[in-house]
Amino acid sequence: MSGYTPICILPGEGIEVLDQTLLPHEERYLRLDTVAAVAEAIRSLRVRGAPLLGVTGAGGMAIAGEEQGAGPEALVEAAAELKATRPTAVDLGAMIDEALVAAEAAGPSERERQAALWGFAELALARQRERDAALARHGRELPGLEGAVLTHCNTGGLATGGEGTALAVIAEAWRAGRIERCYATETRPLLQGARLTMWELGALGIPGTLLPDTAAASLIASGQVSAVITGADRIAANGDGANKVGTYGLAAVAARHGVPFYLAAPLSTFDANTPSGEAIPIEFRGDGEVGGFGDDRWSPDGGGVYNPAFDVTPAELIAGIVCESGVLRPPYGPAIAALTAQNVDR
Ligand code: MRU
């Protein structure tokens, strides 16, 4: 674990989250103790990153048990409200469904169901930490992970509650002396790379270089990066992977120049029920995030905005997918089917 944690579970009380919209300038924790507040924090990306959204969803269900009573109808209603916040990251819905199962399996009293929901939220966070550590160990020996690597968006501890996914692999490879530098894209429009990944690289002591998203293609073409590695928000049964918008372009350019492109994600991000990338729901976000940042506007009013939060990288462009069970190689379908069938606890 790094020196900060993006989420704390406070059984019986609520959750505390590090408000990621304020980073890197301010480290402020918010106490959330209503389902509406959790939903707002997720929608506005105060908490974000697929695995952390899963843990936050589990925490939100425990809060629902306190706030609205742990009866089945109230929980199902809260589950629907929380799931509707962000559709692409499969971890969110999956952890909420697991929380419902944990509540159903508990004793009949409200107290027992509430205790089960808090227990599950704590388990979800502890499990994520173990998964991140295993994933990072498997990823550090990936071919091409040497010299300098390129990443996109933010995939460190801020995105998971543990050590992270792609950034944890990069950190392990750096500790092993395999890589010397990490290039990080700014990640327009919300700047997760500029604000969060550069902050985490600094905390980890890894030399980081920030670049505009638009410079990534020429950086890859120049031969200065030996691999591209990102996280994922949902990996379909055939290995197509949704991740932060711009990932597909990086993978396509990497393939054009013979640079390996990897995804790093826990098994909770694999969705065996979604056959291919075409069926992955893509979140579209509001107009206000493009043509300006915060209250600062630089585009004239009145034009349209195209603002998908994610895109899908076809499996054929992915050289390997690192998860807590090891490194998957193409063809991904059979390996994903076998691993997700075994992974009873998502
Ligand atoms: O919109 P965000 O910031 O939640 O998007 C996050 C990403 O796209 C990450 O790459 C992904 O969730 C993997 S996180 C370990």
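Okay, so let's start with one pair of residues: V149 has C182 in β5 as its bridge partner. That bridge belongs to a bigger match-up, since β4, residues 147–151, and β5 pair in the parallel sense over five bridges. Keep in mind that this is a predicted model we're looking at.

A quick reminder for anyone new to sheets: strands pair through backbone hydrogen bonds, and they can do that parallel or antiparallel.

Now, zoom out from that pair. β4 and β5 sit in an open sheet of seven strands, and the order goes β6-β5-β4-β7-β10-β15-β16, with mixed pairing. So who's at the edges? That would be β6, residues 208–211, and β16, residues 326–328; each has a single partner strand, so one side of each is left without a neighbour in the sheet. From one strand to the next, the twist averages 25 degrees.

Stay at the β16 end for a second. Here β15, residues 320–323, and β16 pair in the antiparallel sense, over three bridges. One to find on your screen is C323, whose bridge partner in β16 is G326. Helix α10, residues 332–342, lies across β15 and β16, and it runs at about 140 degrees to β16.

Back to β5, residues 179–185. Is this strand largely enclosed or not? Count the buried residues: five of the seven are buried, so β5 is largely enclosed by the rest of the structure.

Helix α6, residues 166–175, has a similar story to tell. Eight of its ten residues are buried, so this helix is largely enclosed as well. The buried ones are A166, L167, A168, V169, I170, A171, E172 and A173. And what covers them? The cover includes α5, β4, β5, α7, β7 and β10. Just after α6, look for G177, which takes a positive phi of about 80 degrees.

Next up, the cores. In soluble globular proteins, nonpolar side chains tend to be buried together. In our model, the largest nonpolar core has 37 residues, and the ones with the most contacts inside it are I7, I9, I15 and M61. Several elements chip in: β1, β2, α1, α2, α3, α4 and α5 each supply at least two residues of this core. The largest share, nine residues, comes from α2. If you click on I9 and skip residues up to four places away in sequence, you'll see it touching G14, I15, V55, W118, A121, E122 and L125. There's another core too, lying apart from that one, with 29 residues, among them L150, A232, L263 and L267.

Let me also show you A116, which is found in helix α5. Is A116 buried or partly exposed? Its relative accessible area is 21%, and buried means under 20%, so A116 counts as partly exposed. Leaving aside neighbours within four places in sequence, A116 is in contact with A102 and A106. A116 and A62 are 54 residues apart in sequence, but 8.3 Å apart in space, C-alpha to C-alpha.

Last stop: the holes. How many cavities of 30 Å³ or more does the structure hold? Three. The largest has a volume of about 170 Å³. It's lined by 20 residues, and R48, G49, A50, N154 and D233 lie nearest its centre. Both α2 and β9, residues 241–244, supply at least two lining residues each. And here's α2 again: the largest share of that lining, three residues, comes from this helix.

Conventions:
Residues are numbered from 1 along each chain as its sequence is written. This is a predicted model: local features need pLDDT of at least 70, side-chain atom pairs count only at pLDDT 80 or more; totals for chains, interfaces and linings use all residues. Side-chain values use heavy atoms; hydrogens and water are left out. Two strands pair if DSSP finds at least two bridges between them. Helices (H or I, at least four residues) and strands (E, at least two) are DSSP runs, numbered from the N terminus. Axes are lines fitted to C-alpha atoms, for helices over the stretch in contact, and angles run from 0 to 180 degrees between N-to-C directions. Contact means heavy atoms within 4.5 Å. A nonpolar core is a set of buried Ala, Val, Leu, Ile, Met, Phe, Trp, Tyr and Cys residues joined through side-chain atoms within 4.5 Å. Buried means under 20% relative accessible area, exposed over 50%, partly exposed in between (1.4 Å probe, protein chains only). On a 1 Å grid over the protein atoms alone, a cavity is a set of points where a 1.4 Å probe fits but cannot get out, and a pocket is an open set with protein on both sides within 12 Å along at least five of seven lines; lining residues have an atom within 4 Å of a point. Grid points are joined across faces, edges and corners, and a volume is the space filled by probe spheres set on the points.
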